[in-house]
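Subject: Handover of a structure and its findings

Dear colleague,

Please find below the structure that I am handing over to you. My notes on what was found in it follow directly after.

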Amino acid sequence: MPDIVLEYIASLYTGTTMRIKVGKLLSDKIHVQRGVRQGDPLSPLLFDYIMDWVLDNLDPELGIGLEGGPRLNHLAFANDVSLVSESRRGALRLANRFEEGLSEVGLIPNAKKSATLAVQVDGKKKKWFVDSYAVLASKRRACSSYAYHGCLSLSWYRGGDQSATAESSGETREGIEELTRAPLKPQQRMYMLRVHLIPSLIHQLVLDRVTISLLKWLDRISREAVRTWLRLPHDVPMAMCLGVPLLATKVRVMRRNRMRRLCQRAQSNMDNVLAWFVNNSPTMKAEADRWDTHLSWGYREFYGRG
């Protein structure tokens, strides 16, 4: 960057102070010496530039090799980073180099929020399993699964895809029961259901593997609650549920759109890892084919013929 741009950015952070106000009491000036400004549109760009520099300095020889494709040693999104390696020694070297890079810019990873996960192969039993031994330093715990942006990953090592089903079902039932018990007016319960409870489920339902029966069950109990709160007859059409989204349609359309965006990004060659995954993963191909094949049926089922 030109020097004048660097000087301008530095001037924004030079001599920054803050005060804490409690009631009518105001603290002395506190000099801020690290971090980026909260709410400043420049802050995420500065953070991204720094993280890109740190990750770019990782050893490219470490990581896992994708068959016929690039080599992968990290996955990064916002302030979440996953380091990937084929061996414990490689994982340790990656973690040490990552921490060294962060220390050069005044950042420290939170060990309490970090964990290691080792997936091993049992040749005799011909199966995968998660090793409970901590791969890295003892300050990091070992885990058998992990949550990545609200979705439980590697849950299939523990016997299936039921984690999303159980969690979504429990959250919905508990949320509706709390709204029913709360001293709220019917329109207030409707607002909380429509604007807060149901949208809180969509992220996980779109990203996790869920069944159409689960989506229809969530729609049924939410509409039963609406009929109870508003004292509507049981034969009131579902379309009269006052703006409550139909998850059996909404989630599937959002999932279809997500798959299309992933494929479009892969075709644009903006991300070589994603391009390899889209073109080589049987799971990805099956998912894309499923939505291209069955989406028209979904529209007919919920929006009528034609």
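The expected span of a helix is 1.5 Å multiplied by one less than its number of residues. Helix α6, residues 212-230, may be read with this in mind: it has 19 residues and reaches 27 Å from its first C-alpha to its last, close to the 27 Å expected. Please note that the model is a predicted one.

The chain as a whole

The chain has 306 residues, of which 29% count as buried. It holds nine helices and 14 strands. Among the contacts with a separation of 6 or more, 57% are made by residues 24 or more positions apart. The chain exposes about 20,800 Å², and carbon and sulfur atoms supply 55% of that area.

Helix α6 and the loop after it

Several residues of α6 are buried, including L214, L215, W217 and L218 towards its start. The buried residues of α6 also include S222, R223 and V226, and these three return below as contacts of V244.

What comes after α6? The helix is followed by R231, whose phi is positive, near 55°. R231 is a residue other than glycine, and it is found in the loop between α6 and α7. With a relative accessible area of 78%, R231 is exposed, because the cut-off for exposed is over 50%.

V244 is found in the loop between α6 and α7 as well, and α7 covers residues 247-267. Is V244 buried or exposed? V244 has a relative accessibility of 7%, and buried means under 20%, so V244 counts as buried. Leaving aside residues up to four places away in sequence, V244 touches M190, L193, R194, I198, S222, R223 and V226. In the case of V226, the two residues are 18 apart along the chain, and their C-alpha atoms are separated by 8.9 Å.

A second positive phi

K126 is not a glycine, yet it has a positive phi of about 55°. K126 is found in the loop between β10 (118-122) and β11 (127-131). Its relative accessible area is 75%, so K126 is exposed.

Helix α9

A288 lies in helix α9, which covers residues 282-303. Its relative accessible area is 17%; this is under 20%, and therefore A288 is buried. A288 and M259 are 29 residues apart in sequence, while the distance between them in space is 6.2 Å, C-alpha to C-alpha.

The second largest pocket

The second largest pocket has a volume of about 550 Å³. It is lined by 17 residues, and the closest to its centre are Y13, R34, G35, V36 and V105. Which helix gives the most to this lining? Helix α2, residues 43-56, does so, with four residues. Sorted by class, the lining has ten nonpolar, five polar and two charged residues.

As you go through the model, you may wish to begin with α6 and then turn to V244, which touches S222, R223 and V226.

With kind regards

Technical notes
Residues are numbered from 1 along each chain as its sequence is written. This is a predicted model: local features need pLDDT of at least 70, side-chain atom pairs count only at pLDDT 80 or more; totals for chains, interfaces and linings use all residues. Side-chain values use heavy atoms; hydrogens and water are left out. Helices (H or I, at least four residues) and strands (E, at least two) are DSSP runs, numbered from the N terminus. Buried means under 20% relative accessible area, exposed over 50%, partly exposed in between (1.4 Å probe, protein chains only). Contact means heavy atoms within 4.5 Å. Accessible areas come from the Shrake-Rupley method with a 1.4 Å probe; for residues, only the protein chains shown count as cover. On a 1 Å grid over the protein atoms alone, a cavity is a set of points where a 1.4 Å probe fits but cannot get out, and a pocket is an open set with protein on both sides within 12 Å along at least five of seven lines; lining residues have an atom within 4 Å of a point. Grid points are joined across faces, edges and corners, and a volume is the space filled by probe spheres set on the points. Ala, Val, Leu, Ile, Met, Phe, Trp, Tyr, Cys and Pro count as nonpolar, Asp, Glu, Lys and Arg as charged, and the others, Gly among them, as polar.
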